[in-house]
Amino acid sequence: MLKRGGTIGILGGGQLGRMMAMSAVQLGYRCIAYAPDGDTVAEDVCDDVFTNRWDDTAALAAFAAKCDVVTWEFENVPVATAVAMPEGRIFPHPRALETAQDRLNEKRFVEGLGGKPAAYARVDSPGELMAAVDRLGAPGILKTRRDGYDGKGQWRIGSSRDADALRLPDAPLIYEGFVEFGAEFSVILVRGQDGEIRFWDSTRNVHEDGILSASLWPAGELVDAQVVEARRLAGEVADALKYVGVLTCEFFATHEGPIFNEMAPRVHNSGHWTIEGAATSQFENHIRAVAGLPLGDTATTAAGVEMRNILGSEIEGAYAFLADADSHLHDYGKREVREGRKMGHLTRLTRA
C-alpha cells in the first residue's frame, strides 16, 4: 500500500491525467506528470511536470526516481517509455500498452480469449486492401493499426471504387468489415493488485464524426441484455494481462450478441459520468488500484445519467449550464480552442 504523502507519477499531461491527479490529491498523495511540451493541463494540479521527449532516458530516470508508483493517462505512451519505469512500480504493466497499441494484435488477443471482434484483414498494400474489400465486403473502415483516436487515422470505404482511389498512408493498416449494430456501449472495470474486479454500469455511447458525443444511462434493453457476456470477456482480458487499474472495452450491441470493438488501457471518456454519478469515480478507483488501496463501490447513485462532451467553441457558453441544479460542468482548462477538441464535459443527473 502506498503510504500517505507518496508520489504518483503520471505519463501524459492531458485531461485524464488532470482528473486522476485531482483524485490522488483528495486521497493524500502527490502527483507529478511527464509529457512533451504542449497544452499540459494536468500541471494545474500536479506538484511538478517534466516536459521532455518520450525517449529522453536521463529525464525518464530522474522522473522515475521521484515517483513511488507510476501510471499513464492515454494509450499512445510509447511502450519503451513505460518499460523504462522500474519493474513492479508501474501500473498497469506495459504489456497492456503492447496489446492495445496495435489493432491487429489486439483483435487476435481478444479472439484467443473467445471474444468476437468485427471481421478484419491485415492491409499492407493496395492489393491487400482490394482483396480485403472483396472478401469482407463494403462498406467497411480502413484504420491505421497504431495511433489514431476520435476518428483520426480512419477512412470509410463504401465500395471497391473507393478502395481503388484511396492513396494509402505509409503505415500498417487494418480493414474492418461493417457491423450492423443497435447501440455502442462500454464496459469499464477496475482491477486491484489482488485481482479483485469491479464493474461500473454500462452506458450507451453516441458518436458524431468519430468523436464521442454522449454517454447515457440507463443504456436500454438491447445493451442490458448483452452486458453480462461483455463483462465476462472484459474480465478475462484484465486477468490475462494481470491488469491493475481501470480498463475499458468498447462493444457493439448486435443481434448476434456483443461484438468487441477496441480496448483502452486507461480511464475513459465514457466513464466521466462516474465522478458525480457513481459511489466511487473511475479516477479515484484507478488511483486506489495503483496505490494498493481497497477498491471503492462502483454502484450508480442516480436514477439516470447523461454525460456530454463540450467540443471546441462550445466551452465559451458552457457556464450557462450551471443554472440547472442537476448539471455538473468540468472545464479542462485548455488554452487553445480548436474545432472538435474536447474542452470539457457536462454531466446531468436524474435524481433517484
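## Exercises on a predicted model

Strands β13 and β14 (residues 257-264) pair in the antiparallel sense, and seven bridges hold the record of that pairing. The structure is a predicted model, and the exercises below start from this pair of strands.

**Exercise 1.** Work out which strands pair with β13, and in which sense.

*Solution.* Begin with β14, which runs antiparallel to β13 over seven bridges. The two strands are joined by a hairpin that passes through two residues, and across the pair Phe251 stands opposite Phe260 in β14. Turn next to strand β9 (residues 183-191), which also pairs with β13 in the antiparallel sense, here over nine bridges. One bridge of this second pairing can be located by name, since Ala183 has Ala253 in β13 as its bridge partner. The partners found are therefore β14 and β9.

**Exercise 2.** Decide whether strand β13 is mostly covered or mostly open, and say how many of its residues are buried.

*Solution.* The strand to inspect spans residues 245-254. A residue is called buried when its relative accessible area is under 20%. By that cut-off ten of the ten residues of β13 are buried, and the strand is mostly covered. For the background, 53% of the 352 residues of the chain count as buried.

**Exercise 3.** Find where Asp297 lies, and classify it as buried, partly exposed or exposed.

*Solution.* First place the residue: Asp297 is found in the loop between α11 (282-291) and β15 (304-311). Next take its relative accessible area, which is 43%. Because buried means under 20% and exposed means over 50%, Asp297 belongs to the partly exposed class. Then look at its surroundings, where, leaving aside residues up to four places away in sequence, Asp297 touches Arg198, Ala279 and Thr280. Finally, relate it to Glu256, which is 41 residues apart from Asp297 along the chain, with 32 Å separating their C-alpha atoms.

**Exercise 4.** Explain why the chain can be called as compact as a globular protein of its length.

*Solution.* Start with the elements, of which the chain has eleven helices and 17 strands. The radius of gyration of the chain is 20 Å, close to the 20 Å that the globule rule gives for 352 residues, so the chain is as compact as a globular protein of that length. The extent can be added to this, as the C-alpha atoms fill a box of roughly 60 × 50 × 40 Å along the principal axes. As a last step, consider the contacts between residues at least 6 apart in sequence, of which 62% join residues at least 24 apart.

How values were computed
Residues are numbered from 1 along each chain as its sequence is written. This is a predicted model: local features need pLDDT of at least 70, side-chain atom pairs count only at pLDDT 80 or more; totals for chains, interfaces and linings use all residues. Side-chain values use heavy atoms; hydrogens and water are left out. Helices (H or I, at least four residues) and strands (E, at least two) are DSSP runs, numbered from the N terminus. The radius of gyration is taken over C-alpha atoms; the globule rule is 2.2 Å times the number of residues to the power 0.38. Buried means under 20% relative accessible area, exposed over 50%, partly exposed in between (1.4 Å probe, protein chains only). Contact means heavy atoms within 4.5 Å. Two strands pair if DSSP finds at least two bridges between them.
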